[in-house]
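Student: I have a model open on my screen and would like to understand the terms people use for it. Could you go through them with me?

Tutor: Gladly; let us look at it together.

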Amino acid sequence: MYTLHGMTGSGNCYKPALLMTQLGIDFRWVEVDLLRGATRTPGFLAKNPNGKVPLLELPDGRRLAESNAMLCYLAEGTPLLPADRYARAKVLEWLFFEQYSHEPFIATVRFWVHYLNEAESRHERIAEAMPRGYAALGVMEQQLAHTPFLAGADYTIADIALYAYTHVAHQGGYTLDDYPAIRAWLQRVAQQPGYVAMEPRT
C-alpha cells in the first residue's frame with residue numbers, strides 16, 4: 001500500500017490524495033505537523049532531505065517528493081496523463097506553470113494569512129505577491145474561457161494541480177469574482193468521479 005505523509009489543509013498534499021482517491025488507489029495517510037517542525041526531525045529528514053511534505057512512500061519502499069512528480073507517477077497509463085506526446089506536454093506545461101507562476105503567490109499568501117495569521121505583519125509582501133497571483137489567475141481564465149479543462153477538453157492532472165490552491169485562494173484574501181470561467185471550472189472539477197474535498201483527516 002502507498003503511504004502519503006502530509007499535512008491536512010495543504011494543497012500540495014491534497015493533490016496526490018485526490019488523485020489516488022479518484023484512481024481507486026488504496027493509501028494510508030500519515031499526518032505530519034509542519035507548523036510544529038515535524039518535517040525537520042532526523043527521522044523525517046532521513047526520508048526526505050528537503051524536509052517538506054507531501055512525501056509518498058511506494059509499496060516497494062521507494063519514495064517520491066514533490067507533489068507534481070507524484071501526480072505524474074500515479075497517473076501514468078491513465079487518461080489523466082495523456083499518452084500523446086503533445087497532449088502530455090501541454091499537461092506538463094500547466095504543472096510547471098503551477099509551480100512557478102501560481103503556487104508561489106497564491107499558496108504562499110494563503111499560508112501567511114490563513115495558517116500564520118500574519119496578514120498585518122506581512123502586508124507589504126502580500127501586496128507585492130497578489131498582483132502576480134492575479135496574473136496567474138488571468139492566464140487560467142483566458143484558457144478556461146475556451147476549453148472546459150486546462151489542457152483541453154478532458155480532465156487531467158493539470159486540473160488537479162491547479163485546483164488545489166485555486167479553490168481555497170479566498171483564504172489568502174483573493175477573490176474570484178472577476179473570473180467566471182475559473183469559477184465554472186472549479187465546479188466541473190468538484191463534479192468529477194471520485195472527487196473528495198480537502199477536509200481534515202485523522
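Student: What makes β1, helix α1 and β2 a right-handed unit?

Tutor: Keep in mind that this is a predicted model. β1, helix α1 (residues 11-23) and β2 form a β-α-β unit. A crossover is called right-handed if, with the strands pointing away from you, the path from the first strand over the helix to the second runs clockwise. The unit of β1, α1 and β2 is right-handed, so its path runs clockwise in that view.

Student: How do you know that β1 and β2 pair?

Tutor: Two strands pair if there are at least two bridges between them. Five bridges join β1 to β2 (residues 27-31), so they pair, and they run parallel. One of the partners to look for is F27 in β2, which bridges to Y2.

Student: Which sense does the pairing of β1 and β3 have?

Tutor: Antiparallel: β1 and β3 (residues 55-57) are joined over three bridges. Here H5 has L55 of β3 as its bridge partner.

Student: Why is β1 called mostly covered?

Tutor: Five of the five residues in β1 (residues 2-6) are buried, and buried means under 20% relative accessible area. Y2, L4 and G6 point one way and T3 and H5 the other way, and all are buried.

Student: What makes C13 buried, and P193 exposed?

Tutor: C13 has 0% relative accessibility, which is under the 20% cut-off, so it counts as buried. P193, in the segment after α7 (180-190), has 65%, which is over the 50% cut-off, so it counts as exposed.

Student: How do you know that C13 has no bond to C72?

Tutor: A disulfide needs two cysteine sulfur atoms within 2.5 Å. The closest cysteine sulfur to that of C13 is in C72, 17 Å away, which is too far for a bond. C72 is in no disulfide either, and the structure holds zero disulfides.

Student: What is the volume of the largest pocket, and which residues are closest to its centre?

Tutor: The volume is about 590 Å³. Of the 25 residues that line this pocket, N12, K52, V53, E103 and Y165 are the closest to its centre.

Student: Which helix gives the most to that lining, and how do its residues divide into nonpolar, polar and charged?

Tutor: Helix α4 (residues 85-115) gives the most, with eight residues. The lining as a whole divides into eleven nonpolar, nine polar and five charged residues.

How values were computed:
Residues are numbered from 1 along each chain as its sequence is written. This is a predicted model: local features need pLDDT of at least 70, side-chain atom pairs count only at pLDDT 80 or more; totals for chains, interfaces and linings use all residues. Side-chain values use heavy atoms; hydrogens and water are left out. Buried means under 20% relative accessible area, exposed over 50%, partly exposed in between (1.4 Å probe, protein chains only). On a 1 Å grid over the protein atoms alone, a cavity is a set of points where a 1.4 Å probe fits but cannot get out, and a pocket is an open set with protein on both sides within 12 Å along at least five of seven lines; lining residues have an atom within 4 Å of a point. Grid points are joined across faces, edges and corners, and a volume is the space filled by probe spheres set on the points. Helices (H or I, at least four residues) and strands (E, at least two) are DSSP runs, numbered from the N terminus. Ala, Val, Leu, Ile, Met, Phe, Trp, Tyr, Cys and Pro count as nonpolar, Asp, Glu, Lys and Arg as charged, and the others, Gly among them, as polar.
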